[in-house]
Amino acid sequence: MHDSSPVSPDRRGFLIAAAGTGFTLAFLRADHSLADSKLAPAVAKQEAVPAFDPGIWFNIEHDGIVTVNIARAEVGQHIGTALARIIAEELDADWDKVRLHYVASDPQWGQMVTAGSRSVWQDFDPLSRAGAAGRIALIEEGAKLLRVPVAACTAKKGVVHGHGRSVSFGEIVRRGKLARHYTPAQLQAITLKTPPQRTLIGQGVQALDIPAKTDGSAIYGIDVQVEGMVYARPKMPPTRHGARVVSIDDTAARNITGYLGAAALNDPSNTVPGWVMVYADSYAAASRAAELVQVKWRTGAAAHVSEQDILAYASKQLHDASLGARVVDDDGLEQAFKGAALTLERHYTTSTVLHFELEPLNALVQHIDGVWHVHAGNQAPSLILPVLAQALKVPESQIILHAYLLGGNLGRRLNGDYCVPAALAAQALGRPVKMICTRADDSHFDSPRSPSLQHLRLAFDGAGKVTAMQHEASAGWPAQAMHPAWLAKDRQGHPYDPSAIAGADHWYTVGAQRVRTISNDLANSSFRPGWLRATGPGWTSWAVESFMDEAAQAAKADPLDFRLSLLQGAGRNAGGAERLAHVLRRAAEKAGWGAAMPADTGLGIAATAGQQRDMPTWTACVARLRVDRKTCMVQVEKLTLVIDAGVIIDPDGALAQAEGGALLGLSMALHEGTAFVNGAVKDSNLNSYLPLRMADVPELDIEFVSSSYPSTGLGEPPVTVVAPAIGNAIFAAVAARVRHLPIRPEAVLKALDRHGAV
């Protein structure tokens with residue numbers, strides 16, 4: 001998908017130095033000498049330098065406090081705790097003295113993006129080596145202070161011990177002369193701890209951000225204030241693209257106390273065409289005034305687009321074999337289908353899904369001494385900085401995006417488009433502007449998960465063996481809309497968005513395989529498709545795992561046995577299919593697979609392998625549910641998940657991620673979904689868009705496989721496996737096959753009628 005990892009040790013050397021009031025540890029470019037590094041004065045002369053400098057992963061103060069700098073966004077997943085624990089483990093720091101610092105944007109951090117369950121997976125090795133390098137330097141200097149051989153010294157909980165004596169990290173920083181340079185080769189040669197040697201990773205310790213979130217001292221983007229700021233609420237055009245302001249009438253708004261005015265934004269980046277900003281000295285006044293300001297727009301073609309138009313267009317695309325990119329394209333597929341004794345062909349669809357994050361979109365922008373300071377919770381500073389530079393017509397070096405906690409997110413703030421109108425407003429007014437969207441504004445301006453249409457085919461030979469599988473999908477592509485650099489290319493050079501098709505390149509051995517993905521141009525031109533906690537795997541896994549159940553039915557096989565028969569670990573599936581088979585067997589065992597069920601109650605099974613093939617998280621789910629034949633309402637009673645994510649860094653955080661993911665998967669399976677009508681979503685608030693309610697939360701049984709494999713991500717995998725397990729359980733309960741998400745009672749009723757079950 002993309003590389004958002006810290007700069008890796010193979011591209012940079014490493015420097016440890018006493019600096020100012022503390023001890024710093026930073027990656028350096030491999031071709032830098034000590035003399036030309038930014039920290040060289042601290043090494044050569046022990047002169048004071050700032051305690052924090054971009055590129056420094058952590059520092060240790062004179063009192064022994066270890067501050068870990070986090071370049072990832074905290075959206076509720078405790079990523080700071082996980083990354084700090086990785087460093088603290090190898091550093092042998094005292095966890096009670098570890099603190100977090102979420103850093104502002106700076107090129108030295110590399111690409112700052114928090115997405116796709118990649119943070120721990122990408123950062124584990126470089127941060128482990130950073131901690132280990134720090135420990136080695138501290139032990140070496142501690143040995144000098146203790147006047148004992150280095151080989152006789154060890155570190156434990158922030159203290160170096162040797163020959164019955166000890167010295168704390170803080171004292172080493174105060175008294176020692178820390179100076180150590182590591183080459184990339186030396187860094188890579190460091191031996192990291194084995195799992196049995198670890199004392200923090202995998203252990204139950206409190207997340208470092210919980211106290212502040214509990215006592216209310218945590219700062220989110222919406223909390224930030226600066227002196228002299230004005231508030232703003234936007235008036236948004238009827239469509240995301242193609243609208244122009246014709247007139248603004250603020251006569252009625254002038255009666256609102258504190259109202260300052262309304263004006264159309266001029267946006268060179270074309271991020272917010274047709275926006276009008278309403279200003280006041282309080283948010284309440286700005287919000288009331290915005291309701292009274294009357295704006296007339298001229299709209300474009302998007303104003304005539306509906307959800308069904310998008311899906312009808314997708315159907316035409318799938319019928320044109322020349323379109324799209326072939327992510328997997330084996331020889332012999334057509335021959336296998338021509339010679340098949342039995343073929344299975346199905347279509348699956350999903351609706352538009354909104355984010356509805358807890359904290360509505362907001363941004364505060366202030367201009368100070370030639371620098372634009374943007375205060376907002378954001379997942380991807382690296383993606384929005386170029387857009388802000390284009391909008392403001394300034395170099396990126398004159399913009400700083402300050403980091404704050406994100407109040408819920410689900411991928412919405414990967415698109416930092418909401419920073420642009422606040423910046424343009426501040427530039428136009430010459431004053432700091434804080435823009436806050438209402439819930440309805442937020443949903444209207446959302447970057448939703450695109451509707452999708454998928455076509456799947458499977459071929460069996462005369463002996464019942466699967467010989468070929470074809471998977472084709474059309475949907476809006478987020479990367480194409482927001483960051484084309486993330487587009488990949490197939491073997492013929494055709495571009496595609498990996499986030500819109502991941503999961504279709506599954507781990508089942510199915511003979512000749514073809515996976516084709518097509519950008520739905522109508523979707524992309526009507527709205528801005530976004531990433532929503534799994535994105536493509538949210539629809540590809542729905543199709544693949546529903547289809548596997550239908551294939552098992554065609555083969556007259558048990559759905560679990562059928563899947564296991566295809567997890568052969570052959571060819572490109574070697575090394576992974578076995579781990580997927582393990583979680584499937586374990587989930588089935590825990591859930592009582594094969595046991596007799598009460599009337600209208602069923603078990604459904606599904607398995608996925610995470611976000612991308614290069615970072616699989618092996619996940620299996622068994623859903624137990626009951627269908628009320630009179631109302632066709634589905635009541636999920638229990639979800640059993642077994643997950644193999646390699647080494648679990650933070651058990652409590654991992655469980656919370658899996659629980660939240662599973663419940664979101666359930667919410668999107670049965671409840672969440674809207675549709676486009678005349679170029680806009682028809683549901684703009686929670687009175688009609690209905691996520692999962694507490695009364696519908698089932699029992700959760702989640703187990704992690706004990707593993708020494710490298711850590712992988714947990715943000716998305718538990719989301720993607722739930723919907724197909726539910727769809728398959730509905731069929732097991734009442735023989736009704738549903739092929740659209742979300743699963744509404746009327747769809748279950750239609751499927752019951754189709755199968756003659758009523």
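Helices here are DSSP runs of H or I with at least four residues, strands are E runs of at least two, and both are numbered from the N terminus. You are looking at a predicted model, where local features need pLDDT of at least 70, side-chain atom pairs count only at pLDDT 80 or more, and totals for chains, interfaces and linings use all residues. Residues are numbered from 1 along each chain as its sequence is written, and side-chain values use heavy atoms, with hydrogens and water left out.

**Stop 1: Thr535 and helix 15**

Select Thr535, which sits in the loop between helix 14 (521-526) and helix 15. Its relative accessibility is 4%, so Thr535 counts as buried (buried is under 20% relative accessible area, exposed over 50%, partly exposed in between, with a 1.4 Å probe and protein chains only). Now add Ala500: Thr535 and Ala500 are 35 residues apart in sequence, yet their C-alpha atoms are 6.5 Å apart in space.

Next, colour helix 15, residues 536-554. From first C-alpha to last, the 19 residues of helix 15 reach 27 Å, close to the 27 Å expected at 1.5 Å a residue (the expected span is 1.5 Å times one less than the number of residues). Is helix 15 largely enclosed or not? Of its 19 residues, 17 are buried, so helix 15 is largely enclosed by the rest of the structure. Just after helix 15, click on Lys556, which takes a positive phi of about 55 degrees.

**Stop 2: aromatic pairs**

The structure holds seven aromatic pairs. To pair, rings of Phe, Tyr and Trp (its six-membered ring) need centres within 6.5 Å; planes under 30 degrees apart count as stacked, over 60 as edge-to-face and the rest as tilted.

Stay on helix 15 and show Trp542 together with Tyr348: this pair is edge-to-face, at 6.5 Å centre to centre with 80 degrees between the planes. The pair links distant parts of the chain, since Tyr348 belongs to strand 16 (residues 342-350) and Trp542 to helix 15, 194 residues apart. Tyr348 counts as buried at 0% relative accessibility, and Trp542 also counts as buried at 0%.

Then show Trp507 and Trp618, whose ring centres are 4.9 Å apart with planes at 80 degrees, so the pair is edge-to-face. Here too distant parts of the chain are linked: Trp507 lies in the loop between strand 24 (495-496) and strand 25 (512-519), Trp618 lies in strand 27 (residues 618-627), and they are 111 residues apart. Both Trp507 and Trp618 are buried.

**Stop 3: cavities**

Keep Trp507 on screen. On a 1 Å grid over the protein atoms alone, a cavity is a set of points where a 1.4 Å probe fits but cannot get out; a pocket is an open set with protein on both sides within 12 Å along at least five of seven lines; lining residues have an atom within 4 Å of a point. Grid points are joined across faces, edges and corners, and a volume is the space filled by probe spheres set on the points.

There are six cavities of 30 Å³ or more, and the largest cavity holds about 180 Å³ of space. Which residues are closest to the centre of the largest cavity? Of the 16 that line it, select Gly503, His506, Trp507, Thr608 and Ala609. Helix 15 and strand 26 (601-608) are the elements that give two or more residues to this lining, and helix 15 gives the most, with three. By class, the lining of the largest cavity has six nonpolar, seven polar and three charged residues (Ala, Val, Leu, Ile, Met, Phe, Trp, Tyr, Cys and Pro count as nonpolar, Asp, Glu, Lys and Arg as charged, and the others, Gly among them, as polar).

**Stop 4: an open pocket**

Move on to the second largest pocket, with a volume of about 440 Å³. Of its 19 lining residues, Ser351, His740, Pro742, Arg744 and Ala747 are the closest to the centre. Helix 8 (307-318) and helix 21 (745-754) are the elements giving two or more residues to the lining of this pocket. The largest share, five residues, comes from helix 21.

**Stop 5: out to Pro710**

Finish at Pro710, in the loop between strand 31 (699-704) and helix 19 (717-720). At 63% relative accessibility, Pro710 counts as exposed. Add Gln122: the two are 588 residues apart along the chain, with their C-alpha atoms separated by 10.0 Å.
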